[in-house]
Amino acid sequence: MSDFVNCYESATRAEAYSKLEFANTYHLAFRDLPEIFRAHVKGTAALDFGCGTGRSTRFLVSLGFAVVGVDISQDMVGKARQIDPKGDYRLIPGDDMSALQREGFSLILSAFTFDNIPGMETKLRLFGGLCELLKKDGILVNIVSTPEIYLNEWASFTTRDFPENRNAGPGDEVRIITTDFEDRSPAVDILWPHESYLEVYRRASLEMVEVRRPLAKGDEPYRWISETRIAPWAIYVLRRSS
Ligand SMILES: C[S@@+](CC[C@H](N)C(=O)[O-])C[C@H]1O[C@@H](n2cnc3c(N)ncnc32)[C@H](O)[C@@H]1O
């Protein structure tokens with residue numbers, strides 16, 4: 001993980017991120033999760049991998065899960081604890097998941113965590129580690145940005161300053177600015193298309209149960225730009241290969 005620069009290791013970014021909730025483009029990432037969990041998850045022990053300032057952790061708690069939130073950023077975990085002192089937020093070093101219970105979780109949620117993690121090998125190590133934490137019938141839900149998010153305009157994001165995103169291939173850097181908060185420094189993500197995720201899942205012994213790319217219906221109270229036509233997120237529902 002030596003080449004990995006975590007843009008979330010910053011007090012400014014943690015402060016900005018803590019203001020994000022479930023509005024605008026993010027609505028589409030969370031809207032279908034209750035239904036997905038009802039359909040596939042048996043049990044309440046959950047891990048929020050890459051919990052950030054705890055938005056996704058608190059979302060899981062509100063649905064009745066007993067959640068451990070883990071992150072590698074001290075600033076993000078510190079902010080999560082400040083917002084939610086009763087929550088279980090843990091700082092983990094690098095890709096070391098040894099402090100977490102093997103086969104301990106019915107649900108692992110990874111919400112936007114893989115968007116800026118570079119390289120096949122690191123992803124493989126992390127998915128392999130997560131796979132070991134899943135109960136035998138556990139479910140891993142991985143929410144990531146679609147390649148299209150970096151090429152279009154959105155209620156929550158702009159990419160118009162980064163025409164070079166169009167030339168990016170799998171594994172290349174892409175940039176995107178969140179317009180939902182004031183910190184306009186771009187997030188530097190790594191383009192990782194559907195086929196590349198399929199390869200990681202296969203090599204990490206994860207099997208796809210379903211994939212969803214939610215679109216807006218048009219009657220939500222948000223000013224959609226591309227969201228009714230183009231899906232900004234892919235939601236992968238995965239289980240251990242049998
Ligand atoms: C885009 S934020 C998402 C936060 C949260 N899931 C949410 O929905 O608000 C991604 C988070 O993943 C964390 N992260 C990146 N690599 C990680 C790793 N190897 N292990 C744990 N967390 C990681 C970052 O520090 C950052 O806080």
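1. Two strands are said to pair if DSSP finds at least two bridges between them, and strands (E, at least two residues) and helices (H or I, at least four) are DSSP runs, numbered from the N terminus. On that basis an open sheet of seven strands appears here in the order β3-β2-β1-β4-β5-β10-β9, with mixed pairing.

2. This is a predicted model, in which local features need pLDDT of at least 70 and side-chain atom pairs count only at pLDDT 80 or more, while totals for chains, interfaces and linings use all residues. Residues are numbered from 1 along each chain as its sequence is written.

3. At the edges of the sheet stand β3 and β9 (206-212), each of which pairs on one side only. On the β3 side, β2 (residues 66-71) and β3 (residues 88-91) pair in the parallel sense over four bridges, with V70 opposite R90 in β3.

4. At the other edge, β9 and β10 (residues 233-240) run antiparallel and are joined by six bridges, and R212 has I235 in β10 as its bridge partner.

5. Away from the sheet pairing, helix α6 (residues 120-133) packs against helix α7 (residues 194-203) at an angle of about 50°, with the axes 9 Å apart; axes are lines fitted to C-alpha atoms, for helices over the stretch in contact, and angles run from 0 to 180 degrees between N-to-C directions. The two helices are therefore oblique to each other, since angles under 35 degrees count as roughly parallel, over 145 as roughly antiparallel, 65 to 115 as roughly perpendicular and the rest as oblique.
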